[in-house]
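Please look over the sequence and the model below before reading on. The text takes the surface and the pocket in turn.

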Amino acid sequence: ALMFNFASALTSVIGVVLALMIGSAMDETMLYFIPLTAGGFIYIAGSDLIPELHHNTDVKISILQLLALLGGIAIMFGLATAF
């Protein structure tokens, strides 16, 4: 298991090196990869994380979870408009 974890981490390092090497030559194609990556993360959040929020039925915890979700959206919106 440790070797598989190392191998998967190594592929991310290789991906970063390749992106830095050929990143400037592929400015136009990045316009397609960024939404694809964002969609993948939204899918993960929607299919894996959000169903876990339904396990608690306490109203106070649900409101806290909603505020945390809205706070995360506000932070991402702020970062998107700042840059």
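What follows is a short walk through a predicted model, from its surface residues to its largest pocket.

Helix 1 covers residues 2-22. L2 is found in this helix, and I22 lies in helix 1 as well. The accessibility values of these two residues fall into separate classes. L2 has a relative accessibility of 69% and therefore counts as exposed, since the class begins over 50%. I22 has 43% relative accessibility, so I22 counts as partly exposed, a class that runs between 20% and 50%.

I22 also belongs to a nonpolar patch on the surface. The other members of that patch are M3, F6, L10, V13, I14, V17, L18 and M21. Together, the patch residues have about 890 Å² of accessible area. For a sense of scale, take I14 from the patch and L2 from helix 1: these two are twelve residues apart in sequence, and their C-alpha atoms are 18 Å apart in space.

Which elements give two or more residues to the lining of the largest pocket? The pocket itself has a volume of about 240 Å³. Its lining consists of I42, A45, G46, I50, A68, L69, G72, I73 and M76. Helix 2 (27-53) and helix 3 (59-82) are the elements that give two or more of these residues. Helix 3 gives the most, with five residues. In terms of residue class, seven of the lining residues are nonpolar and two are polar, while none is charged. The two polar residues are the glycines G46 and G72, because Gly is counted among the polar residues here.

Helix 2 also holds L49. Is L49 buried or exposed? L49 has a relative accessible area of 53%, and is therefore exposed. Between L49 and F77 there is a separation of 28 residues in sequence and of 20 Å in space, C-alpha to C-alpha.

Definitions and conventions
Residues are numbered from 1 along each chain as its sequence is written. This is a predicted model: local features need pLDDT of at least 70, side-chain atom pairs count only at pLDDT 80 or more; totals for chains, interfaces and linings use all residues. Side-chain values use heavy atoms; hydrogens and water are left out. On a 1 Å grid over the protein atoms alone, a cavity is a set of points where a 1.4 Å probe fits but cannot get out, and a pocket is an open set with protein on both sides within 12 Å along at least five of seven lines; lining residues have an atom within 4 Å of a point. Grid points are joined across faces, edges and corners, and a volume is the space filled by probe spheres set on the points. Helices (H or I, at least four residues) and strands (E, at least two) are DSSP runs, numbered from the N terminus. Patches are made of residues with over 30% relative accessible area and no salt bridge: like charges are joined within 9 Å, nonpolar side chains (Val, Leu, Ile, Met, Phe, Trp, Tyr) within 5 Å. Accessible areas come from the Shrake-Rupley method with a 1.4 Å probe; for residues, only the protein chains shown count as cover. A salt bridge is a side-chain nitrogen of Lys or Arg within 4 Å of a carboxyl oxygen of Asp or Glu. Buried means under 20% relative accessible area, exposed over 50%, partly exposed in between (1.4 Å probe, protein chains only).
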